[in-house]
Amino acid sequence: MSLRDALQPDTLDQAIRIRRALHSIPELGYKELKTSAMVVECLQALGVDEIQTGIGGTGVVGLLHGIKGTGTRRYVGLRAELDGLELTEQTGLAWQSQNSGCMHACGHDGHMAILLATARELSANREFSGTVCCIFQPAEEGGAGAKAMIEDGLLERFPLSSIYAIHNAPWLPIGKIAINSGAVMAAADRIEISVLGAGGHGGIPHQTRDPIVATANIISMLQNVVSRYVDPAEAAVISIGGIHGGSPLKGSMIPDRVDCVGTVRTYCTDVQSTIEKKIHDIVDHVCDAHDLTGLVTYKKLYPATINHADRAALVASVADGLLDQCDILSNVRPSMAGEDFSFFLQKVPGAYCLIGQGTESAASLHSPSYDFDDRNIERAALLLKRIALSELAST
Ligand SMILES: [Zn+2]
Ligand SMILES: [Zn+2]
């Protein structure tokens, strides 16, 4: 694990201090007031040219203008996330959460520190053309903060020609950089199914319309959708995560209704459409057969995160100048987790890469034992700096 470049020593020391300070004040999506204020304070201290706040709620953008080049200004976006998770931290670290019930368990504190370190390095040497937009977005964890920033005019204010982000990955060895030329994360959809019947005595079922048996049929048939209607070469998941009907104390009462919630994960929009249709078909037809009413709500939350091949190639090429070849992974198995950077990639060419957090002792993302590994700050910040400079060199 050697680097052919280095951050200024004080940039790295400062980034670690900032990372730990941010870790101690986690806030939930769209409530990142102290966090965004600290980001603004850091951006001011490192000398960005302009700061815009309140984009998409609590989003912050810091702009760095280069001193080279003439003509149309080119903008490159680098993204970090502001939000923490609803979770009680159990790390016992000196910098652990001071905000009870909230925690930076996805490493967004690390991503902010990386982007601030990148901005500090770029601010100190403006020998580039165009503008670097340091984007700190709210509410990545389920709140679609990227979409909120886009809807609030982010791309009209800053016409990005490309955008990039890095996320830490505890499932990859420490320090390895993974960059795929296509799918990285899945589309994450929510399904809500309600089966409405007519409850009554469990000993006299023929006088009821039983939603429990029908729901059992529906859940069982949903297991056939991926195996029978999706090309085996494609990946897809349907999981039911919750069922509510009746009472655990009332075994002889058939309830009026059963409600289920679940998730669908896909990479390909055709597969996503097939699954959505089959869920409706199964619920409609099973409920028809049982003389019941079935309701389905299919919510498309986050699209699949699909890297643009040319921007992924740019990341791979600058990583090659920074890292040993063995530290760069390509075409790693995509994750079935979701990521709202996908909204940016639907509008702007770009790429999302992963940096290994370690596979031996590292806790998984969203675990109360998780902490971002500060050893990743330097290589990730250097990689983002090189990406920005490479993009703007072509202006
Ligand atoms: Zn997360
Ligand atoms: Zn995350």
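Student: Is His108 buried or exposed in this predicted model?
Tutor: Happy to start there, and yes, the model is a predicted one. The cut-off for buried is under 20% relative accessible area. His108 has 0% relative accessibility, so this residue counts as buried.

Student: Which residues coordinate the zinc ion (ligand 2)?
Tutor: The donor atoms lie at 2.1 to 2.4 Å from the zinc ion (ligand 2). Along the chain, the donors follow the spacing C-x1-H-x58-H. With their atoms, they are Cys106 (SG), His108 (NE2) and His167 (NE2).

Student: How many residues apart in sequence are the parts that His108 and His167 tie together?
Tutor: Let's place each of them on its element. His167 is buried, with a relative accessible area of 3%, and this residue lies in strand β7, while His108 lies in helix α3. The pair therefore ties together parts whose separation in sequence is 59 residues.

Student: What are the protein donors of the zinc ion (ligand 1)?
Tutor: Their spacing in sequence is C-x34-E-x224-H. The donor atoms lie 2.0 to 2.7 Å from the zinc ion (ligand 1). Glu141 appears twice in the list, which reads Cys106 (SG), Glu141 (OE), Glu141 (OE) and His366 (NE2).

Student: Is the site of the zinc ion (ligand 1) tetrahedral or irregular?
Tutor: A nice one to reason through. Four donors count as tetrahedral if all angles lie between 85 and 135 degrees. Here the angles among the four donor atoms are 52 to 149°. The site of the zinc ion (ligand 1) is thus irregular.

Student: Which residue coordinates both zinc ions?
Tutor: The zinc ion (ligand 1) and the zinc ion (ligand 2) are 3.3 Å apart. The residue that coordinates both is found in the loop between β5 (102-103) and α3, and it counts as buried at 7% relative accessibility. That residue is Cys106.

Student: Where in the chain is His366?
Tutor: His366 is partly exposed, with a relative accessible area of 40%. His366 and Cys106 are 260 residues apart, so to speak linking distant parts of the chain as a pair. His366 is in the loop between β18 and α10.

Student: In what order do the eight strands of the open sheet run?
Tutor: The pairing in this sheet is mixed, and the twist averages 25° from one strand to the next. The edge strands, each pairing on one side only, are β1 (50-55) and β17 (328-330). The order is β1-β2-β6-β3-β7-β18-β8-β17.

Student: Which residue in β17 stands opposite Ile177?
Tutor: Let's look at the β17 end of the sheet. Strand β8 (residues 177-179) runs parallel to β17, and three bridges join them. Opposite Ile177 stands Ile328.

Student: At about what angle does helix α10 run to β7?
Tutor: For helix α3 (residues 108-124), which lies across β2, β3, β6 and β7, the angle to β3 is about 145°. Helix α10 (residues 376-393) lies across β3, β6, β7, β8 and β18. The angle of helix α10 to β7 is about 165°.

Student: Is Arg311 buried or exposed?
Tutor: Arg311 lies in helix α8 (residues 309-322). Residues that Arg311 touches include Arg74, Tyr164, Pro349 and Glu391. At 13% relative accessibility, Arg311 counts as buried.

Note on methods. Residues are numbered from 1 along each chain as its sequence is written. Chains are lettered from A and ligands numbered from 1 in the order in which they are written. This is a predicted model: local features need pLDDT of at least 70, side-chain atom pairs count only at pLDDT 80 or more; totals for chains, interfaces and linings use all residues. Side-chain values use heavy atoms; hydrogens and water are left out. Two strands pair if DSSP finds at least two bridges between them. Helices (H or I, at least four residues) and strands (E, at least two) are DSSP runs, numbered from the N terminus. Axes are lines fitted to C-alpha atoms, for helices over the stretch in contact, and angles run from 0 to 180 degrees between N-to-C directions. Contact means heavy atoms within 4.5 Å. Buried means under 20% relative accessible area, exposed over 50%, partly exposed in between (1.4 Å probe, protein chains only). Donors are N, O and S atoms within 2.8 Å of the metal (3.2 Å for Na, K and Ca); water is not among the atoms, so sites may look incomplete. Four donors count as tetrahedral if all angles lie between 85 and 135 degrees; four count as square planar and six as octahedral if opposite donors are over 155 degrees apart and all others between 65 and 115; anything else is irregular. Lists of a residue's contacts leave out its neighbours within four places in sequence.
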